[in-house]
Amino acid sequence: MTGNCTKRHALVTGASTGNGHATALRLDADGWHVFGTVRRDADAEALRRAGITPLSMDVTEPDRIKAAAAAVAEHTASLDVLVNNAGIGLTAPLEVVSLEAFRWTYEVNVIGQVAVTQAVLPLLRSAAGTIVMVGSVGDRITIPFGGPLASSKYAVRSLTDALRMELAPWDVKVVLVEPGSIATPAIDKTLPSEPAKALAGFGPDAERLYADAYASMTSRALARERSGDDPRVVADTIARAVTARRPRAYYLTGKDARLLATVAKLPPSVLDRFRRRLFGLPAPGSRREDTKGRTR
C-alpha cells in the first residue's frame, strides 16, 4: 500500500559514489524523496545517514530490480524522476579485449538501463515523469582504446532517442546528460594507472602490440579526468533538467564537454590526426614492418 508522502520522488541508480551519489544528495537537498540504489550494505548505510532511502539493487539482476521497483511502488503510486546512472567503464584494444568483459560492459551500461526503465515505467507514466539517461560526451567522440565504453554510450544515446519518441504520448520526458571530464572514483578503474598490468590480462600479444600506445593514452587521459569537474556539476545539470517545464533532449556538462562535442564535428581524417596527437599514438604505417614483434 502506498504512503502519504507529498514530496516529489526520484530513483537514482548507482548512488554509492560519483555522479549518482552527488545527484542523490542534490535532489534530497532540493526537497525530493530520493531512492538511491547500491550494491553494498555499507553504501546503503551511508545513504541512509544522508537522508536518502537506499535500495539494494544490481542492474544486471532481474529479481533485485523487481524488488527495488516494488519497494518504490509500496511507498508511492507515481515516480517523478528516474536517473539511469549506474554504469562501468572499460578501455582496451579491441583486438585483444576479453569478449566476456566487453559483453559485461553492455550488460551494465545498456541492458541494465533498459531493465530498470521497464520496471518503473508504470510509475513514471502515472506521474508524467522524466527519465534521465546519464551517458558521456564519448557518445560523440571516441578516444583510442575507448571502443568498449564509448560504443556502449552511443547505444545509450540511441536508447534515449527511441524512448523520447515512444513515451511522448504519455508526456514522459526523456533526456540525455553527457558529462565531459568529471573527477570520480571510477576513473582509476576505467583508465588503469598500471597499463602494462592491465594489458597482461588480455593475453600475451596485447603488451607487445599495444603497450606504448595504451600507456600513452591512459596517462594523458588520466591527467585530464583527474583535473575534471566535481560530480556536483553533473548533479546540478540533472537538477535543472528534471525541473524544466520543457527539458532539452541533450545536456552537455562538465569540463571540455562542449569543446569535445564541437571537435567531434571535424572531418574524420582531421579528427583522427587530432586524437593521435592528443594521446601520443604512433603514426599510420609506422609499425607496418613490425609484424613479427620487432620494434622500430
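Let me begin with a definition: rings of Phe, Tyr and Trp, taking the six-membered ring of Trp, are said to pair if their centres lie within 6.5 Å, and planes over 60 degrees apart count as edge-to-face. In this structure, which is a predicted model, ring pairs of that kind link Phe145, Tyr210 and Tyr214 into a cluster, and the structure holds three aromatic pairs.

I will take two of the pairs in turn. The rings of phenylalanine 145 and tyrosine 210 have centres 5.9 Å apart and planes at 80°, so this pair is edge-to-face. It joins distant parts of the chain, since phenylalanine 145 sits in the loop between β5 and α5 while tyrosine 210 belongs to helix α8, residues 204–226, and the two are 65 residues apart. Phenylalanine 145 also forms an edge-to-face pair with tyrosine 214, at 5.5 Å from centre to centre and with 90° between the planes. Here the partners are again in the loop between β5 and α5 and in helix α8, so the pair ties together parts that are 69 residues apart in sequence.

Are these residues buried or exposed? Buried means under 20% relative accessible area, so phenylalanine 145, at 15%, counts as buried, and tyrosine 214, with 1%, is buried as well.

From that loop we can move on to helix α5, residues 147–167, whose 21 residues should span 30 Å at 1.5 Å a residue, and whose end C-alpha atoms are 30 Å apart, which agrees. Several residues of α5 are buried, among them Gly147, Pro148, Val156, Leu163 and Leu167, and the buried residues of this helix pack against α4 (99–127), β5 (130–134), β6 (173–179) and β7 (250–253).

Those strands bring us to the sheet, which is open and is formed by seven strands in the order β3-β2-β1-β4-β5-β6-β7, with parallel pairing. At its edges stand β3, residues 53–56, and β7, each with a single partner strand, so one side of each is left without a neighbour in the sheet. From one strand to the next, the twist averages 20°. The partner strands β6 and β7 pair in the parallel sense over four bridges, and leucine 176 stands opposite tyrosine 250 in β7. Helix α1, residues 18–29, lies across β1, β2, β4 and β6, and runs at about 170° to β1.

Finally, two arginines deserve a mention. Arginine 140 lies over the face of tyrosine 250, at 6.0 Å from the ring centre, and the charged end of arginine 125 sits over the ring of tryptophan 170, 4.4 Å from its centre.

Notes
Residues are numbered from 1 along each chain as its sequence is written. This is a predicted model: local features need pLDDT of at least 70, side-chain atom pairs count only at pLDDT 80 or more; totals for chains, interfaces and linings use all residues. Side-chain values use heavy atoms; hydrogens and water are left out. The expected span of a helix is 1.5 Å times one less than its number of residues. Buried means under 20% relative accessible area, exposed over 50%, partly exposed in between (1.4 Å probe, protein chains only). Contact means heavy atoms within 4.5 Å. Rings of Phe, Tyr and Trp (its six-membered ring) pair if their centres lie within 6.5 Å; planes under 30 degrees apart count as stacked, over 60 as edge-to-face and the rest as tilted. A charge sits over a ring if NZ of Lys or CZ of Arg is within 6 Å of the ring centre and within 35 degrees of the ring normal. Two strands pair if DSSP finds at least two bridges between them. Axes are lines fitted to C-alpha atoms, for helices over the stretch in contact, and angles run from 0 to 180 degrees between N-to-C directions.
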